[in-house]
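Please look over the structure below before reading on. The report that follows describes how its strands and helices are arranged.

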Amino acid sequence: MKRFYCQCGQELFFDNSHCNHCGASLGFDPTQLSLIAVIGEDDALRDKASPDLRFRRCQLHRQPVNCNWLIADEDPNVQCIACRLTRTIPDQSYINNQKRWQILEAAKRRMIYGLLDLGLPVNQPQHPLLFDFLEDQLSNPDANHEQVLSGHANGCIIINAAEADGSYREAAREAMNEHYRTLLGHFRHEIGHYYWQQIVATPAKTAFFELFGDPQQDYQAALERYYQNGPAENWPENFISAYASAHPMEDWAETWAHYLLMHETLETALTFQVIDAPDGGEPFSAWLSEWLQLVLVMNALNRSIGNADAYPFLISPGVEKKLQFVDQLIRDWPIAH
């Protein structure tokens, strides 16, 4: 994530709608990937620094969502590029769901920022993207669904609304013996399935098979084997997580999500001058070397304050090749750059 500053010099943060120092009204412009000071009414805003640029606030800028993203004046949509992708929200008559919806949308906006920052297309007409935030009877007895599993199907990403609850995620993490489980991680994982649909007809398909295996193998049978028997003991040699070993499609989604995690964290470290950009362009190996040094420090800091490792992963040579494949794929994306 980049650093943002108000015109008064105050440091700002991604979700800010007002500057706490000078009181300026703020909005995030997804076309510039910039947090800007705006003047005017919510449906007739101007960029304070460039008055010719006109915007409107997202329809969901008030509670409970508190979205701070802007819409270009010529855009006919009433919701921003992120919020308009949500098709189903949790029942707002259930008080807990108001906070859940806010948390879910905030994580989705951050994930979409990462996609835009990489130059990836979001919600193309030929590849529509939707989100359903569903709840089940495990967290709300009045819900219609007995159980909701997060997943993806034909451009629709389903997220169990309870994943917005820290206690739920921690219980699920413990029950599934996971080292790492975050809401943002769910979004990054599922969006990986969405983008995979767009590469299956490209030259990258052959390289995908060589690295990840045949995605056509029986998915349900593979997951049943994984949940019954667990991963092979040597899974860290070729997979970024135990779950990635369940099926080539999950390997792809886990690797994709991990690349997004690395990209945003490295950008944050770079903009805060925690690391320096490698010399000689942007080769993947140079950035990976910076990454390994950064997470060494992150884990040491976490241990110093008595917390678990911030980065409980091992990047083996096999995993490195898969991450490099994702890196090259994004750099070569036909309409991305």
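In what order do the 5 strands of the open sheet with antiparallel pairing lie? In this predicted model, the order is β3-β4-β5-β6-β7, and the pairing is antiparallel. At the edges of this sheet lie β3 (25-29) and β7 (70-72), each of which pairs on one side only. When direction is ignored, neighbouring strands of the sheet are turned against each other by 50° on average. Within the sheet, strand β5 (residues 44-47) and strand β6 (residues 54-57) run antiparallel and are joined by 2 bridges, and Arg-46 stands opposite Arg-54, which belongs to β6.

Another open sheet is formed by 4 strands in the order β8-β9-β11-β10, and here the pairing is mixed. Its edge strands are β8 (86-88) and β10 (151-153), each pairing on one side only, while the twist from one strand to the next averages 30°. Strand β10 runs antiparallel to strand β11 (residues 156-160), to which 3 bridges join it; Gly-151 has Ile-158 of β11 as its bridge partner.

Two helices pack on this mixed sheet, as the table sets out.

| Helix | Strands touched | Angle between directions |
|---|---|---|
| α1 (residues 95-117) | β8, β9 (130-134) and β11 | about 150° with β9 |
| α3 (residues 183-196) | β9, β10 and β11 | about 155° with β11 |

Strand β9 is thus touched by helix α1 and also by helix α3, and β11 likewise is in contact with α1 and with α3. The edge strand β8 is among the strands that α1 touches, whereas the edge strand β10 is among those that α3 touches.

Key: Residues numbered from 1 in each chain as written. Predicted model: local features only at pLDDT ≥ 70, side-chain atom pairs only at ≥ 80, totals over all residues. Heavy atoms only, no water. Pairing = 2+ DSSP bridges. Axes fitted to C-alpha atoms, helices over the stretch in contact; angles between N-to-C directions. Contact = heavy atoms within 4.5 Å.
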